[in-house]
Amino acid sequence: MRFLLPVLLIALPLISYVVWYGYACRAAIRTGQRSPGWREVPWTWIAIGTLASAVLALIAIGFLEGAHDTAILERPAVQEEVEVMPDDAAD
């Protein structure tokens, strides 16, 4: 699922543009007008839609992935106390 997120984030503006362009061309043919050019694209709404989709995807990944067992922090095990002796006492 993680590899799909970058692909979707890159492809979403293109998909949005293609959907809008197809709809706009059909509407232009029905009304007898010319097809829209690339400067007439509603880039603001496409960017807002892409951003909203990206946020929803990140939220979905956060909920679907969940916490793993390795994410639980545990207290370190207490070891027995060991008496430390100076080096000269070992001789």
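**Y21 first**

I started with Y21 and asked: is Y21 buried, partly exposed or exposed? Its relative accessibility comes to 30%, so I put Y21 down as partly exposed. The cut-off for buried is under 20% and for exposed over 50%, so 30% falls in between. Note to self: this is a predicted model, and every value here is computed from it.

Y21 sits in helix α1. I then looked up what Y21 touches once neighbours within four places in sequence are set aside, and got S35 and P36. I also checked Y21 against E40: 19 residues separate the two in sequence, and their C-alpha atoms are 9.9 Å apart.

**Rings around Y21**

Next I went through the aromatic pairs. How many are there? The count is three. Y17 and W20 make a tilted pair, with 6.3 Å between centres and 35° between planes. That angle is neither under 30 degrees, as stacked would need, nor over 60, as edge-to-face would need, so tilted is the right label. Both Y17 and W20 are in helix α1, which covers residues 4–31, and they are three residues apart, about one turn of the helix.

W20 also pairs with Y21, again tilted, at 6.5 Å centre to centre and 50° between the planes. I noted that ring pairs tie Y17, W20 and Y21 into a cluster.

**I15, also on α1**

I15 is another residue I looked up in helix α1. I count I15 as partly exposed because its relative accessibility is 45%. For a link to the other helix I took I15 and T50: they are 35 residues apart in sequence, yet 9.8 Å apart in space, C-alpha to C-alpha.

**Over to α2**

T50 is one of the buried residues of α2; the others on my list are I46, A54 and I61. Helix α2 runs over residues 43–65. Does its length agree or disagree with what its residue count predicts? With 23 residues at 1.5 Å a residue, α2 should span 33 Å, and the end C-alpha atoms are 32 Å apart, so the length agrees.

I59 is in α2 as well. Its relative accessibility is 44%, so I59 goes down as partly exposed. I59 also belongs to a nonpolar surface patch with L51, V55, L56 and F63. Together these residues have about 560 Å² of accessible area.

**Whole chain**

Last, I zoomed out. I found two helices and zero strands in the chain. Of the 91 residues, 12% are buried. The chain exposes about 8400 Å², and 65% of that comes from carbon and sulfur atoms.

Definitions and conventions
Residues are numbered from 1 along each chain as its sequence is written. This is a predicted model: local features need pLDDT of at least 70, side-chain atom pairs count only at pLDDT 80 or more; totals for chains, interfaces and linings use all residues. Side-chain values use heavy atoms; hydrogens and water are left out. Rings of Phe, Tyr and Trp (its six-membered ring) pair if their centres lie within 6.5 Å; planes under 30 degrees apart count as stacked, over 60 as edge-to-face and the rest as tilted. Helices (H or I, at least four residues) and strands (E, at least two) are DSSP runs, numbered from the N terminus. Buried means under 20% relative accessible area, exposed over 50%, partly exposed in between (1.4 Å probe, protein chains only). Contact means heavy atoms within 4.5 Å. Accessible areas come from the Shrake-Rupley method with a 1.4 Å probe; for residues, only the protein chains shown count as cover. Patches are made of residues with over 30% relative accessible area and no salt bridge: like charges are joined within 9 Å, nonpolar side chains (Val, Leu, Ile, Met, Phe, Trp, Tyr) within 5 Å. A salt bridge is a side-chain nitrogen of Lys or Arg within 4 Å of a carboxyl oxygen of Asp or Glu. The expected span of a helix is 1.5 Å times one less than its number of residues.
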